[in-house]
Amino acid sequence: TFPVFGMAKNGGSFICIIEGATSYASIQADVSMRLNTYNWVRAKHSVLHFDQYNVSAKTSNLVFMYEKAIPTDTVIHRYRFLDSNSYVDMATTYGDYLRGKEEYAGDTASKDVPVSVELVGAIDKTMVKFGLPVDSVVPTTTFADAEKMLLEMKDAGINNLNVRMSGWANGGITQKVLTKVKVLKELGGKEAMSRLIDTAAKNDVNLYFDGIACFAYDSGLLQGFIPFRDAAKFTTREQALIYPYDPIIYLGDAEWRDEFYLVKPRYAKQNTTNLIQALAEQKAAGIAFRDIGYLVSGDYNPKDTVTRQQVVAMNIESMKEATAAGQKVLIRNGNDYAVPYADLITDMDLLGTKYSILDETIPFYQIALHGMKDYTGEPLNIAGDFATEMLRCAEYGAGLNFTFMQEDAKILQDSFHSTLYGSHYDSWKEEVLTLIGQYQKDMEGLNQQRIVGYEKLSETVSATEYEDGTKVYVNYSDEAYEKNGISVAARSYAVERGE
């Protein structure tokens, strides 16, 4: 997500910031006594893409097929050396670097901690009609429902409310390609959408409309998608056909779920432009990219190769295009190249990848970014552990994120959207509105401040310190923490205000 690595030992440290063609980079690291006697870390750049091709069924020999040429992009490794072995100082140094970049100039987070709410408009589901199974669009939150929910949240006193409307066009949450943007009549059509946009504007709510650009779900000639022409290709000239992942056998499984295509970058770019223009015609205030800012994919067709770094430039152009159209931009996860152009980052990976050599995780990226951008963690109500994710948001200075729909969760039965099982709005309404209000009150005045300190008081208790001296203590344990005048209830957080 962010191209930085470093090491600290014996009172000193360094960080290495990768600039230029960061999309080719990855980080390699290991602990001592495996390959050698040292802890080590380094960058690896995969600049020449290749795939294996089975020439004939009569032989098991595979042929390697490569890109025609090595990209001409420039890679820079910029080092910073510190007289400190504190990872907080290392993260602060990276934050200073970001603030010195032209594209971040003037960026300041919102006054109030952000709250992001995704409303699922419609799902796709096989329904029996006239005795036959028919693929159907099933509404789960109409535009009128969304308007009602939005007003309830504002009446509850929620500030900095950001609503993301997904599944509102082209077949619902599993959206077809955006060669044409068709507002779902099942949700109320364009008139109801316009009323929702007006209501959001009058109530100072940031309303974003979600769109997919990089994938072609359930799309064909009638939708303006021809796989041979529009799908991305490997160096072997094979189309990039993606099979849904099966968590049981660890393989792609097309037996009971439809496969889909990765589209060519230029086709994705045109889809993005179509979405921006359609939202501009509807006078929508915001656009939410489900893939741009989160995923980067090239096209290795030998006749028209588009590298990952070229796609990064195209994605930046798309975000600038949305801004020029007067729209705010919402992205997921927050790849470094996209962050300067985003108004809100949701679904940020606060925990990181659980590699076996890691002892613990720290809020490195959040220390660098806090006070400059609004960000949230994953949706709490559909997370594996609601309480733990909530505490992690408090620990990392993140806003709160939720996913809701108006219909009862039983509507998801016999569909491929069971991950939304905990998203029924009425079941959560009272608890969530109270929780958000309390969280925004507790974190008042902190969202625009930098994080200047972070430490582990025990294996289960952490302390995050802000510029004004305020400290947020988080206790993940099932027992209360009482030590050195600090008191934190079990599975809770406490805020100690600075002077």
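## Aromatic pairs and a cluster

Two rings of Phe, Tyr or Trp count as a pair if their centres lie within 6.5 Å. In this predicted model, Phe-2, Tyr-94, Tyr-97, Phe-364 and Tyr-365 come together as one aromatic cluster. Across the structure there are 22 aromatic pairs.

Take Phe-2 and Tyr-94 to begin with. Their ring centres sit 6.2 Å apart with the planes at 35 degrees, so this pair is tilted. Phe-2 is in the segment before β1 (4-9) and Tyr-94 is in helix α1, so the pair ties together parts that are 92 residues apart in sequence. Phe-2 is partly exposed, at 26% relative accessible area, while Tyr-94 is buried at 2%. Another pair is Phe-225 with Tyr-267: here the centres are 5.8 Å apart and the planes are at 65 degrees, so the rings are edge-to-face. Phe-225 comes from the loop between β13 and α4, Tyr-267 from helix α5 (residues 265-281), and the two are 42 residues apart. Phe-225 counts as buried, with 1% relative accessibility, and Tyr-267 is buried too, at 11%.

## Salt bridges across the chain

The model has 16 salt bridges. One of them joins Arg-450 to Asp-96, with the closest N and O atoms 2.8 Å apart. That pair links distant parts of the chain, 354 residues apart: Arg-450 is in the loop between α9 (425-442) and β22 (451-456), and Asp-96 is in helix α1 (residues 87-99). Are the two partners buried or exposed? Arg-450 counts as buried because its relative accessibility is 17%, whereas Asp-96, at 41%, is partly exposed.

Next up, Asp-218 and Lys-176 meet in a salt bridge at 3.7 Å, N to O. Asp-218 sits in the loop between β13 (215-216) and α4 (227-230), and Lys-176 in the loop between β11 (161-166) and α3 (189-202), so the bridge ties together parts 42 residues apart in sequence. Asp-218 is partly exposed at 49% relative accessible area, and Lys-176 is partly exposed at 21%. Then there's Arg-290 with Asp-210, whose closest N and O atoms are 2.6 Å apart. Arg-290 belongs to the loop between β18 (286-289) and α6, and Asp-210 to strand β12 (residues 206-211), so this pair connects parts 80 residues apart in sequence. Asp-210 counts as buried, with just 3% relative accessibility. Lys-148, Glu-152 and Lys-429 go beyond a simple pair: they are linked in a network of salt bridges.

## A buried glutamine

Where does Gln-327 sit? Gln-327 is in the loop between α6 (308-324) and β19 (328-332). Gln-327 counts as buried because its relative accessible area is 3%, and the cut-off for buried is under 20%.

Which residues surround this side chain? Leaving aside residues up to four places away in sequence, Gln-327 touches Ile-276, Leu-279, Ala-280, Ala-284, Ala-285, Gly-286, Ile-287 and Ala-322. With Ile-276 there is a polar detail as well: the Gln-327 side chain reaches the backbone oxygen of Ile-276 at 3.1 Å.

## A nonpolar patch on the surface

Over on the surface, Val-47, Leu-48, Phe-50, Phe-64, Tyr-66 and Ile-70 make a nonpolar patch of about 540 Å². One of these residues, Leu-48, lies in the loop between β4 (40-45) and β5 (50-54). Leu-48 counts as partly exposed, at 31% relative accessibility. That puts Leu-48 in the patch, because patch residues need over 30% relative accessible area.

Technical notes: Residues numbered from 1 in each chain as written. Predicted model: local features only at pLDDT ≥ 70, side-chain atom pairs only at ≥ 80, totals over all residues. Heavy atoms only, no water. Helix = DSSP H or I, 4+ residues; strand = E, 2+ residues; numbered from the N terminus. Buried < 20%, exposed > 50% of the residue type's maximum accessible area, 1.4 Å probe, protein only. Polar contact = N/O pair within 3.5 Å; in protein donor to acceptor, adjacent residues only side chain to side chain. Contact = heavy atoms within 4.5 Å. Salt bridge = Lys/Arg side-chain N within 4 Å of Asp/Glu carboxyl O. Patch = residues over 30% accessible without salt bridge, like charges linked within 9 Å, V, L, I, M, F, W, Y side chains within 5 Å. Areas by Shrake-Rupley, 256 points an atom, 1.4 Å probe, with all protein chains shown as cover. Phe/Tyr/Trp six-rings, centres within 6.5 Å; stacked < 30°, edge-to-face > 60°.
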